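User: I would like a close look at one part of this model, the sheet, and at what sits around it. Please take me through it step by step, in short sentences.

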Amino acid sequence: MSGERDTDWFTSSYSGPHNNNCLEARIAAHGIDIRDSKDPAGGRLHFNFRVWRDFVTRLPR
């Protein structure tokens with residue numbers, strides 16, 4: 001992730017102004033980045049596109 005600009009983060013459309021437990025995501029060059037919206041300078045998780053697709057397809061609907 002070094003060299004990437006720290007832009008294009010978004011939250012879920014289900015997140016509201018009173019929800020303090022949000023994650024932010026962005027589509028990066030080689031996958032998806034996830035971070036805590038309350039601590040944007042903190043740690044981040046990175047998932048390649050295949051792993052992310054496998055994860056979201058297994059979420060309950």
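Analyst: Start with one pair of residues: Ile27 stands opposite Ile32 in β2. Keep in mind that this is a predicted model. That pair is a good door into the sheet.

Step back to the whole chain for a moment. The chain has one helix and three strands. Read from the N terminus, the order of elements is β-β-β-α. The strands therefore come before the helix along the chain.

Now the sheet itself. Its three strands are arranged as β1-β2-β3, the sheet is open, and the pairing is antiparallel. β1 and β3 (44-47) are the edge strands; each has a single partner, so one side of each has no neighbour in the sheet. Neighbouring strands are turned against each other by 20° on average, with direction ignored. As background, strands of a sheet pair through backbone hydrogen bonds, and the pairing can be parallel or antiparallel.

Take the β1-β2 side. These two strands pair in the antiparallel sense, over six bridges. A hairpin links β1 to β2, and two residues make the connection. You have already met one pair here, with Ile27 opposite Ile32 of β2. A further pair is Ala25 with its bridge partner Ile34 in β2.

Next, the β2-β3 side. Four bridges join these strands, and they too run antiparallel. Ile32 turns up again: its bridge partner in β3 is Phe47. So Ile32 has a partner on either hand, Ile27 and Phe47. Asp33 has a β3 partner as well, namely His46.

How many of the six residues of β2 are buried? Five are, so β2 is largely enclosed by the rest of the structure. For this step you need the cut-off: a residue counts as buried when its relative accessible area is under 20%. Set that beside the chain as a whole, where 18% of the 61 residues count as buried.

What lies across the strands? α1 does: the helix lies across β1, β2 and β3, and runs at about 65° to β2. Arg53 belongs to this helix. Arg53 is partly exposed, with a relative accessible area of 47%. Arg53 and Gly31 are 22 residues apart in sequence, and their C-alpha atoms are 10.0 Å apart in space. Gly31 falls within β2, which spans 31-36.

The sheet and the helix also share a pocket. Rolling a probe the size of a water molecule over the atoms shows where empty space is left. The largest pocket has a volume of about 420 Å³. Its lining holds 18 residues, and Thr11, Ser12, Leu23, Ala25 and Trp52 lie nearest the centre. β1 (23-28), β2 (31-36) and α1 (49-57) each give at least two residues to that lining. β1 gives the most, with four. By type, the lining divides into 11 nonpolar, five polar and two charged residues. Ala25 thus plays two parts in this picture: Ala25 is bridged to Ile34, and Ala25 is among the residues nearest the pocket centre.

Thr11 deserves a closer look. Thr11 sits in the segment before β1, and is one of the residues nearest the centre of the largest pocket. With a relative accessible area of 36%, Thr11 is partly exposed. Leave aside residues up to four places away in sequence, and Thr11 touches Leu23 and Glu24. Thr11 and Leu23 are 12 residues apart in sequence, yet 6.3 Å apart in space, C-alpha to C-alpha. Leu23, too, is among the residues nearest the pocket centre.

One more residue comes from that segment. Asp8 also lies before β1. Asp8 is exposed, with a relative accessible area of 60%. Most residues other than glycine have a negative phi. Asp8 is not a glycine, but its phi is positive, at about 70°.

Finally, contacts along the chain. Among the contacts with a separation of 6 or more, 15% are between residues 24 or more positions apart.

To retrace the path: β2 is paired with β1 by six bridges and with β3 by four. α1 lies across the three strands. The largest pocket draws on β1, β2 and α1 for its lining.

Methods:
Residues are numbered from 1 along each chain as its sequence is written. This is a predicted model: local features need pLDDT of at least 70, side-chain atom pairs count only at pLDDT 80 or more; totals for chains, interfaces and linings use all residues. Side-chain values use heavy atoms; hydrogens and water are left out. On a 1 Å grid over the protein atoms alone, a cavity is a set of points where a 1.4 Å probe fits but cannot get out, and a pocket is an open set with protein on both sides within 12 Å along at least five of seven lines; lining residues have an atom within 4 Å of a point. Grid points are joined across faces, edges and corners, and a volume is the space filled by probe spheres set on the points. Ala, Val, Leu, Ile, Met, Phe, Trp, Tyr, Cys and Pro count as nonpolar, Asp, Glu, Lys and Arg as charged, and the others, Gly among them, as polar. Two strands pair if DSSP finds at least two bridges between them. Axes are lines fitted to C-alpha atoms, for helices over the stretch in contact, and angles run from 0 to 180 degrees between N-to-C directions. Contact means heavy atoms within 4.5 Å. Buried means under 20% relative accessible area, exposed over 50%, partly exposed in between (1.4 Å probe, protein chains only).
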